[in-house]
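Me: I'd like a close look at one part of this model, with just enough of the overall picture to place it. Could you walk me through it in one go?

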Amino acid sequence: MTSRRVAAWQLCLAAGTVLIGAYFVLVHAGRWPGVQVALYVSANATFAGAALATARRHPSMRVIMLLLAGSAAAGVTGDILFYFDALVHGEPPYPGVPDLFYLLAYPLMAVGMLLIIRRRTPGWDSASIIDAAIVAIGTGYLVFQFLIVPLVDFGDKLTSLVSVAYPVGDLMLIVVGARLMLGAGPRTAALRFFGGYLGLVLVADALYGYQTQTGTYQAGNFLDAFWMGAGYALAAGVLHPSVIKMVSTSNTATPDATPGRLAILAIAAITAPTSIVIQHYTGGEEHVVAAAAVCNLLFLLVMLRMAGLVQAQRHAAVTDGLTGLRSRRFFEQALGNQGERSVKNGVPVSVLLLDIDHFKSVNDTYGHNGGDRVLVEVTHRLRELVRPGDVVARYGGEEFAVLLPDTTTAQAGEIAERIRRGVGAAPIAVDESRLLTVTVSVGIAGMPAAGTTDELVLAADRALYAAKNAGRNRVARATETPSAAPVAA
């Protein structure tokens, strides 16, 4: 009987739970202050060590992990200096040297997450940027209203500046964190650990700010569990095997507008007006101008996001998801317009229907992944072989259609022959190690010879099947005998 090996990230979570429990036992007993400090800083120290280990294991993530390790090390340094002052001198001065290290942790963490975002979505992911802006502005207003504004009234300017710097640092993490969590890319376990870290830290920091303003904060209270838990969660995240996938480039241009995502955006959008209502009924100071500005900005962002969704839906309706070609629906609409123009003005229009020869055997032999590779590569070659202004569409499973405006059947025959030769000119990689020569059969029909667009498509379809019945890898015109392919030398 074999024993199952415990993964490093699992061990990290288990050890973190035990150490957090031991910390609170000592805090409650009031024993061994030095050990309490060691247990408290163990969370960020573990995270720093885990990030360094991951930097060594995955060189492609080295810069990211070093930045994250630097953030954790800054937090550890700040804690050690703070508690040393507390143990030796009693009440530590504020602001003091530890605050420099605490504040340094914010930009280091933010830059590390920005590099992750850049790796996941190197292009311009406008939908994710808008989503992140909505969440960041909605949450940022709450940070401004309840954490920053009360701190500006401090008498000492340095104290006020340092005090405001903390919620500003949290706001920085909110902006970057929202972009990371709401952006396109693999939703890995490591990414969820990052989300857990951000949630724990931001909630703890917000509660700490509230408690310090109300004079209810006490060292060693439940907030330490949040901060320590955040450190261990992020340590587990960078040790998780899926961490390398967290920086994989997204396969989708934009993330899906799932119900959960829309719910998050809706909650973020109503934060400002809701806070005004709460302040009105609780007798608090209402910052109407700031709330109005935030509401207007959020409204504009939501409208922009909706416009993007409508545009994406329209694009999806006329675009084939695998190949990126026009859909059959779009092709038929374009053909109808060209057909009306042909009847009205007497200009020619031609249609090509192409079918990949023996495509079923490709799927049967190499699987659907191999078949998809063939479809994508044939699409790429088709784009290069047609003329500007021609409409190329995926008409069926392995069938393509080309609409040729202002083109006679004789001219269409030259284009079809160019396509036939071009598709079969070089083999296609069906997997990482195997190449396959692929050919196509082509049927041609044109107007005004065909009376209507429906008759045009039927004529091209009959020509396609004539080419296939004659041996494939051929071009055939409607009502004509298919020409034989040239014999290879």
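What share of the contacts in the protein with a separation of 6 or more comes from residues 24 or more positions apart? After that, please zoom in on the open sheet of five strands: which helices lie across its strands?

Reply: Bear in mind that this is a predicted model. As for the contacts, residues 24 or more positions apart account for 73% of those with a separation of 6 or more.

A quick look at the whole chain, then. There are 15 helices and seven strands in the protein. Its radius of gyration is 32 Å, well over the 23 Å that the globule rule gives for 489 residues, so the protein is more spread out than a compact globule. Along the principal axes, the C-alpha atoms fill a box of roughly 100 × 65 × 35 Å. Buried residues make up 44% of the 489, and the protein exposes about 25000 Å², with carbon and sulfur atoms supplying 63% of that area.

Now the sheet. Its five strands come in the order 2-3-1-6-7, it is open, and the pairing is mixed. At the edges you'll find strand 2 (391-394) and strand 7 (475-477), each of which pairs on one side only. Neighbouring strands are turned by 20 degrees against each other on average, direction ignored.

Go to the strand 2 edge for a moment. Strand 2 and strand 3 (residues 399-405) run antiparallel, and four bridges join them. If you want a spot to click on, Ala393 stands opposite Ala401 in strand 3.

Next, the helices. Helix 13 (residues 359-385) lies across strand 1 (349-356), strand 2 and strand 3, and it runs at about 145 degrees to strand 1. Helix 15 (residues 453-469) lies across strand 1, strand 3, strand 6 (440-447) and strand 7; relative to strand 6, helix 15 runs at about 150 degrees. So which strands show up for both helices? Strand 1 and strand 3 do.

Helix 15 has a helix partner too. It packs with helix 12 (residues 328-345) at an angle of about 115 degrees, the axes being 9 Å apart. With 65 to 115 degrees counting as roughly perpendicular, that makes helix 12 roughly perpendicular to helix 15. On the helix 12 side, Leu335, Gly336 and Gly339 make the contact, and they meet Thr453, Leu456 and Val457 of helix 15.

Definitions and conventions: Residues are numbered from 1 along each chain as its sequence is written. This is a predicted model: local features need pLDDT of at least 70, side-chain atom pairs count only at pLDDT 80 or more; totals for chains, interfaces and linings use all residues. Side-chain values use heavy atoms; hydrogens and water are left out. Two strands pair if DSSP finds at least two bridges between them. Helices (H or I, at least four residues) and strands (E, at least two) are DSSP runs, numbered from the N terminus. Axes are lines fitted to C-alpha atoms, for helices over the stretch in contact, and angles run from 0 to 180 degrees between N-to-C directions. Contact means heavy atoms within 4.5 Å. The radius of gyration is taken over C-alpha atoms; the globule rule is 2.2 Å times the number of residues to the power 0.38. Buried means under 20% relative accessible area, exposed over 50%, partly exposed in between (1.4 Å probe, protein chains only). Accessible areas come from the Shrake-Rupley method with a 1.4 Å probe; for residues, only the protein chains shown count as cover. Angles under 35 degrees count as roughly parallel, over 145 as roughly antiparallel, 65 to 115 as roughly perpendicular and the rest as oblique.
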